[in-house]
Amino acid sequence: MSKPMPKPTSKPSPKSRTTSRPNKAARSRKPLVYGAGIVVAAALLGYVSYRATAPDSPGSGSSAVADVSADPEAGVYPELAKLARRDAADKLAQGRPDAPVVLIEYADFKCGYCAKFARDTEPALVKKYVDNGTLRIEWRNFPIFGAESESAARASWAAGQQGRFWQFHSAAYAEGVKEKGFGKDRLKALAQQAGVADLDRFQADTDGAASAAAVSKDQEQGYGIGATSTPSFLINGRPLAGAQSTQTFVDAIEQAAEQAKNAGGAGEDAKGAEPSTGSTGSAGATK
């Protein structure tokens, strides 16, 4: 495609959510320079996000958004694949650092379609692929719906500092939770529900500079690759947008795993790294 598609003006489909009035910081984001093809890749993800919310798109946004070609290399951008951190100490990740496939998720705790993915699709992916070492899931906080989104993102990071990110993730995405809001008391209650042991530390971490910096870093990455909606995903460099069907993710993961096998393994550089507590497949079992 030669130029980005315009943003939709009608109501989004139930596949993803876009922010119709991005804040000043969001409007200032430019594609990050990860390689010569990053501008093309960013334009693609922006288009994918557009298609996920475009009016009158065939199949409620599935066409051109998440179709997985028979060619495992089609739609894959090596520059985007390099965004996988593969850090064994990453408390906002689960799965082996040397897993052949890495799914990066850019999401907002106030996004209902992110919750749908968390409840309906992610547990199946964890059971089928994370637990057997095929898949690693790396979370990126991408708050786009205002102050409460930002607070929830920072709170999730704080829960992660005590090894309870995924438990907090499950609590925050439970049915009916986002409708109650993410005020300070609610976030503390969710942390308690998630088994965060030191609530005073949790509050201090939530309010601290480190959480703000971590969330900002994730946001910069999301905006830098052209993400305009939540949830947005990268699977070994293949952009997907919206709460697509479980089968769409299965197809993309299977193809990425096959491509990695043929290429000698996407996790070659991380071999020998030991996953940290909370970064293994077992973390997903609490979802």
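This passage goes through the overall make-up of the chain, one helix pair and a few unusual backbone spots. The model is a predicted one, and the residue numbers used here run from 1 along the chain.

Taken as a whole, the protein chain carries 10 helices and 7 strands. Of its 287 residues, 52% are buried. The chain leaves about 12,600 Å² exposed, and 50% of that area comes from carbon and sulfur atoms. As for how the sequence folds back on itself, take the contacts between residues at least 6 apart in sequence: 82% of them link residues at least 24 apart.

Next comes a helix pair. Helix α7 covers residues 184-193 and helix α8 covers residues 199-207, and their axes come within 11 Å of each other, crossing at roughly 130°. That angle makes α7 oblique to α8, because it falls short of the cut-off of over 145 degrees for roughly antiparallel and lies outside the 65 to 115 range for roughly perpendicular. The crossing of α7 past α8 is right-handed. On the α7 side, the contact draws on K184, L187, K188, A191 and Q192, while α8 puts in L199, F202 and Q203. Sorted by type, the residues in this contact come out as 4 nonpolar, 2 polar and 2 charged. The charged ones are K184 and K188 of α7, and the polar ones are Q192 of α7 and Q203 of α8.

The backbone has a few spots worth a look. Most residues other than glycine have a negative phi, and most peptide bonds are trans. Against that background, the bond between T230 and P231 is cis, with omega at about -5°. P231 sits in the loop that runs between β5 (229-230) and β6 (232-235).

Moving along the chain, N236 is not a glycine, yet its phi is positive, at about 50°. This residue belongs to the loop between β6 and β7 (238-241). So strand β6 has the loop with P231 on one side and the loop with N236 on the other. Is N236 buried or exposed? N236 has a relative accessible area of 14%, so it counts as buried, the cut-off being under 20%.

R86 is another non-glycine residue with a positive phi, again about 50°. Its place is in the loop between α3 (78-81) and β2 (93-94). With a relative accessible area of 17%, R86 is buried too.

Key:
Predicted model: local features only at pLDDT ≥ 70, side-chain atom pairs only at ≥ 80, totals over all residues. Heavy atoms only, no water. Helix = DSSP H or I, 4+ residues; strand = E, 2+ residues; numbered from the N terminus. Buried < 20%, exposed > 50% of the residue type's maximum accessible area, 1.4 Å probe, protein only. Contact = heavy atoms within 4.5 Å. Areas by Shrake-Rupley, 256 points an atom, 1.4 Å probe, with all protein chains shown as cover. Axes fitted to C-alpha atoms, helices over the stretch in contact; angles between N-to-C directions. Parallel < 35°, antiparallel > 145°, perpendicular 65-115°, else oblique. Left-handed = near helix turned anticlockwise from the far one by under 90°.
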